[in-house]
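Hi,

Here is the structure I promised to pass on. Have a look at it first, and then read my notes below.

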Amino acid sequence: MSGFCGRNVKHFGYAQCKLQAMVNELTSYQSQPTLENGGRYFMPDAARNTEGNINAVPQTNQPETPAARQAVPVQAEEIQRREEGERTNEQRPEQQPQNQEQTVPVEPRRQTLTREARDYLNRIGDRIPDRIDQNLERILRENGISQEDIDRNRGNPRVLIDQLRRRFVPEGLQMDADTRATAAALNELDRILQQENVRTILESPNPDFNNLPELKEWIERNANPSSRDYLRLVSRLINPQGVNISKESKKLLFEWMTEEIIGLPELSPESHYNIGGYVARDNVTGLQSSSRDLGDEFARYLNSLIEVRQMAHELRRNLDNQEEYKKFVGAGLKAQGLDFMRNKIVGAREVLALYESFTAQKVAERKEWLNNGDLEDVDNQVKNVLRTMQTQKKLKKTIKEGEEFFERPLTDWEIERALSIGKTFFAGTQRFAMYSSLGNIPPGSADRVGSLPYEYIVRTIATFKLAGARYFASAPGPKEFLKKILGNLKRDKNAASNDKTLFGIGENAWLVNGLGALDMESHGWRSQLMFLGDVKIRVNGEEIILLQYLDEVTRRISVKNDVGYDSALGFEAADEAKKNKIRKEVAGEIEKIALGQELYISSLIKHTGELVPGDLKKKLWVKRAVFDPMGIAAMRPDVLKNLSANERTIWDALTRGYELDESGNIRKDADGKPIRKASKIGIANLARLNKEGGKYFQTDEEGRIVRVTRDSSDLERNAQEFLNALDTKEEVDSHGKKKLVVAGVKEEYKYKFINEYFGEEYGNTLSDPEKVVLKKVLDEAVLASNYLSEAKLPFSFLANDIPHAAIEQTGESYAGLGTENIARILGSDQANLVEGFGEMNGLVENPVKGSAERFSKAVEAIARVHSRDGAQKYMEPFIKSWLEMAQIYNGAKWGELLYRLTRKPTSEMEKYWASSNISYDEADANDYLISLARNGIISSDISKGLSESQLERLRKELKADRGANLKRIARYLILMMGPLLGIAIVRALFPKEITEGLGIKNK
């Protein structure tokens, strides 16, 4: 055969050449001796005689005999008998006596059929047809493929072609080493499966595969995905003789063996997804076909798993290439796939929750941009917690059988898959990049930008901030301009900036953290659809989605107060007093429902908009603090300020997993590095997520995720328990307004996290010193709600309390994003924001030329994402800063000629850009603002219940209003007519406030 291929491989191609050689070898056997009586010819692909169904493979448990090992290829009669099977009812000749040779010619009709099938297979090669035409159906039927199998696989011709190839090119014509190895492997498998402890586990409805080390070792040693015997091994594994394997065990074994193939590309993460040669691909096809025997739902799950494995691999591979990532987001990233990764890969949600917790903690620890080393440390913390919980069998999957619920521990390979998929999801949806870019701009940042993980995504999320690193190290002009922008961002109540510092990050960093794009989970109403739009509640006996309930309450109360409301656009025209009245009424009605939630608190907090007024948000922060002290300590590091040095070490051990010695010091290895284990608080967070998650989502008998409807009475009970424990008071702030202040929470409720989620049950028992430290942190975390509730959150933080996120639009509710929304968020939205803030980067670098044009382009681009009103608010600090740079100095107002003669700059614009000749007085500034308003860059609209438009307010703030212009005229009169006469005229013609504004005292 090898000689034939060597001569003809160029003509036939390797696969066809090998096929032709084997056919030639088959047809050359005219007479061969029979096997010895009692001997056995082992055909590796015996499964092929069962019409492609690996679950129906005949069991062959006889030991291999010496005769079988020495067997020569079978006689023509045996070939005919095996290949025709049940197709013919002709009387087969009796078995010849032992050791008697016989020659039986192959009938002419059989030779014709063989030749026709051979010619067809040679003609198509690897090009499998996409449909079964009449000719192929006839060939299949006449050559032993049943009509039932043809009908079942019409949508998957590869299965039928594969069966045809195997019928006419039997691989078992020689008793080679591979065949003997397969026989030995199956005999060994039979021995393992007959062991009592193995049978007990496999027959259990909640099997613990971690107690099957011998079976695991057998699979790793014998299950070669590229072997033609793979399907036979799978068949024997899930349908052994004498073992009544449970449904869950069958599914788990089947999925495990599928993972052995589809996980192969993980060995080459930089390469395109490729599971290997055509044999491995055929094996996957065979598994897909056979999965239906375990139920339609499982078959759908398996098909989705196979597709998602490829999508996840390509997403991870493209994260390192900007252009490829953009293309993949637009064409390859599907909502269904992301939904499957997030919700149906067992262990993935736990991995994501840990990444949220530990990445936030790393931001607080570093306070600067994160680098690749920081993320590797986060990876290790996640792995430590997950693997520790799995080793201790604390990480489980819930299974429903009839009316009973069971839990089984996750297996090693499920943990490894969850770690891979979870990290890919966290990075692919840009959460890694978002957290990485939050911190302060590090010293020498121009040299360190390259160390930013997913740096090109960071450039999208933090467009203006990343450019600022260059400006601070550049010429003094851009640096001064940027300082003014930061100052205006700080003072501007309408800007999208933050005057509160989170994660211990400096104020300047927070002022610009909101000037960029959003990741998928932070995007306004779309993230609300993913989270709050995925929770069902029952109010007054009727089911309703939580987000829909919040919207309807707000809309109803708004209409009652003669104010329109839209969930996407917010309130219609109304003054702030009326809006606040509406918010207060809304809060009174939704408070019990909102505070009754045990999870999704992070999403409710982010849902600030028009629905959640300040007092309710403060209470939500308190509840969040009670159940996530590590997260609150990350966002507000002052929570730890009262810990002693020894207590701080204990806290680090609790959160980062450091191992302490008898003296309370961190143990170190031989290289002086801290010895790490699993974070106890990380374990407690997962324990809470899994326990409370069952109140929102459960699994049915088919493994489908089912929403659980939270009854309002249950929610109100939870809320009342919390409110009874809450201690609040009212204080008057510096503006004379009353505000709610949290004074504390009663201990019984405040320490629920300690009492319910630590201990032997979860494998994270606390020592007495650890309890003391955790209680001290909880005390301060509760009080931190007063600060955190007033902070603007440009992104969703600490989304580690989300048991399920609706990414795919299923039609069950208005939850979910859909593929088009994902492409919009990660594609066009981000491109528009990069374009808009890119214009501002160019303006800061050179503000002299085309400022109005840059403002116009920025507003147009940002408005496509945040609406024109939002874009105008984003631009306001930039416009004010530009005009402040352009305004004429006070001294130059009285003596501009002298400034010109002495060549002194008359404005900061001229100071840094001498040739600009930009020096605006009050009239110039007024004209500039009017021009911006006419072009829609700022708003002159007062139809939204505002007392004054954005244009009028900016005129006042920049001293370009009517009063300022009267001062300008008075100044010119004085300069033209001389001091004494001019002052007299000004006193006579102008109002008192104008003259006093010029420093003229009225007698």
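Let me start with a question: which residue stands opposite Lys536 in E4? The partner of Lys536 is Ile545. Before you read too much into that, bear in mind that this is a predicted model.

**The small sheet**

That pair belongs to strand E3 (residues 536-539) and E4, which run antiparallel to each other and share four bridges. The sheet they sit in is an open one of three strands, ordered E4-E3-E9, with mixed pairing. Strand E4 (542-545) and strand E9 (710-711) are the edge strands, each pairing on one side only. Helix H28 (residues 546-560) packs on this sheet and touches both E3 and E4. The direction of H28 makes about 90 degrees with that of E4.

**A hairpin further along**

Strand E10 (residues 726-732) and strand E11 (residues 738-745) also pair in the antiparallel sense, over seven bridges. If you want to trace the pairing on screen, Lys729 stands opposite Val741 in E11, and Val732 has Lys738 as its bridge partner. The hairpin has five residues between the strands, and Gly736 there takes a positive phi near 80 degrees.

**Asn764**

Next, a loop residue. Asn764 sits between helix H37 (752-757) and helix H38 (768-783). Is Asn764 buried or exposed? Its relative accessible area is 1%, so Asn764 counts as buried. The cut-off for buried is under 20%. The side chain of Asn764 reaches the backbone nitrogen of Gly759 at 3.2 Å. Leaving aside residues up to four places away in sequence, Asn764 touches Lys680, Ile683, Ala684, Tyr757, Phe758 and Gly759.

**Aromatics**

There are plenty of rings to look at: a search of the whole structure finds 28 aromatic pairs. One of them is Trp882 with Tyr928, a stacked pair at 4.7 Å centre to centre with 10 degrees between the planes. Trp882 lies in helix H41 (residues 851-886) and Tyr928 in helix H44 (residues 922-934), so this pair ties together parts that are 46 residues apart in sequence. Both partners count as buried, because Trp882 has a relative accessibility of 1% and Tyr928 has one of 9%.

Ring pairs also link a cluster made up of Tyr355, Phe426, Phe432, Tyr435, Tyr454, Phe503, Trp510, Phe795 and Phe797.

**Two helices to finish**

Thr200 is found in helix H10 (residues 196-202). A polar atom of the Thr200 side chain lies 2.8 Å from the backbone oxygen of Glu196. Thr200 and Ser246 are 46 residues apart in sequence, and their C-alpha atoms are 10.0 Å apart in space.

The other one is helix H13 (residues 247-262). What span should its 16 residues cover at 1.5 Å a residue? The expected value is 22 Å, and the end C-alpha atoms of H13 are 22 Å apart, so the two agree. H13 is also mostly covered, with 13 of its 16 residues buried.

Give me a shout once you have had a look.

Cheers

Notes:
Residues numbered from 1 in each chain as written. Predicted model: local features only at pLDDT ≥ 70, side-chain atom pairs only at ≥ 80, totals over all residues. Heavy atoms only, no water. Expected span 1.5 Å × (residues − 1). Buried < 20%, exposed > 50% of the residue type's maximum accessible area, 1.4 Å probe, protein only. Pairing = 2+ DSSP bridges. Contact = heavy atoms within 4.5 Å. Axes fitted to C-alpha atoms, helices over the stretch in contact; angles between N-to-C directions. Polar contact = N/O pair within 3.5 Å; in protein donor to acceptor, adjacent residues only side chain to side chain. Phe/Tyr/Trp six-rings, centres within 6.5 Å; stacked < 30°, edge-to-face > 60°.
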